Amino acid sequence: MPLLITWFELERLKEFSQALEKVDELRTLVPIQVANIELEEEKIKLVLHVPADALRLTRESFPEAVVVA
């Protein structure tokens with residue numbers, strides 16, 4: 001299952017919180033899972049497991065994210 005990875009500045013915790021809300025909303029449409037949340041060089045790293053057939057929809061919600069197949 002591909003991974004979708006995105007980062008958030010610590011100063012912008014509200015954006016991170018909104019991203020988690022997006023994940024909850026997307027879960028009603030596709031079976032995405034939070035694989036990891038960690039602190040990496042002053043940023044919060046959010047890693048999601050995304051089914052291959054749902055990558056397009058998920059990328060639209062997280063356009064700045066990196067996909068690792």
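This short talk walks through the salt bridges, the largest pocket and a surface patch of one predicted model.

Hi everyone, and thanks for coming. Some ground rules first. Residues are numbered from 1 along each chain as its sequence is written, and side-chain values use heavy atoms, with hydrogens and water left out. As this is a predicted model, local features need pLDDT of at least 70 and side-chain atom pairs count only at pLDDT 80 or more, while totals for chains, interfaces and linings use all residues.

Let's begin with the salt bridges. By that I mean a side-chain nitrogen of Lys or Arg within 4 Å of a carboxyl oxygen of Asp or Glu. How many does a search of the whole structure find? There are five salt bridges, and I'll show you some of them.

Please look at Glu 9 and Lys 43. Their side chains meet in a salt bridge, at 3.5 Å from N to O. Glu 9 sits in strand 1 (residues 3-9) and Lys 43 in strand 3 (residues 43-49), so this pair ties together parts that are 34 residues apart in sequence. When I say strand or helix, I mean DSSP runs numbered from the N terminus: helices are H or I with at least four residues, and strands are E with at least two.

Are these two side chains out in the open? For that we use relative accessible area: buried is under 20%, exposed is over 50%, and partly exposed is in between, with a 1.4 Å probe and protein chains only. Glu 9 is partly exposed at 32%, and Lys 43 is partly exposed at 32%.

Next comes Glu 15, which forms a salt bridge with Arg 12; their closest N and O atoms are 3.7 Å apart. Glu 15 is partly exposed at 36%, and Arg 12 is partly exposed at 48%.

Now, where do Arg 56 and Glu 60 lie? Both are in helix 2 (residues 55-61), four residues apart, which is about one turn of the helix. They form a salt bridge, with the closest N and O atoms 3.7 Å apart, and both residues are exposed.

On to the pocket. On a 1 Å grid over the protein atoms alone, a pocket is an open set of points with protein on both sides within 12 Å along at least five of seven lines, and lining residues have an atom within 4 Å of a point. The largest pocket has a volume of about 150 Å³, where volume is the space filled by probe spheres set on the points, joined across faces, edges and corners. Some residues we have met return here: the lining includes Glu 9, Arg 12 and Glu 15, along with Trp 7 and Phe 62. Strand 1 and helix 1 (13-27) are the elements that give two or more residues to this lining.

Trp 7 also belongs to a nonpolar surface patch with Val 66 and Val 68, with about 230 Å² of accessible area together. Such a patch joins nonpolar side chains (Val, Leu, Ile, Met, Phe, Trp, Tyr) within 5 Å, from residues with over 30% relative accessible area and no salt bridge. Accessible areas come from the Shrake-Rupley method with a 1.4 Å probe, and for residues only the protein chains shown count as cover. Val 68 is found in strand 4 (residues 66-68) and is partly exposed at 37%.

One last stop: Ala 52, in the loop between strand 3 and helix 2. Ala 52 is exposed at 56%. Ala 52 and Val 30 are 22 residues apart in sequence and 10 Å apart in space, C-alpha to C-alpha.

Thanks for listening!

Notes
On a 1 Å grid over the protein atoms alone, a cavity is a set of points where a 1.4 Å probe fits but cannot get out, and a pocket is an open set with protein on both sides within 12 Å along at least five of seven lines; lining residues have an atom within 4 Å of a point. Patches are made of residues with over 30% relative accessible area and no salt bridge: like charges are joined within 9 Å, nonpolar side chains (Val, Leu, Ile, Met, Phe, Trp, Tyr) within 5 Å.
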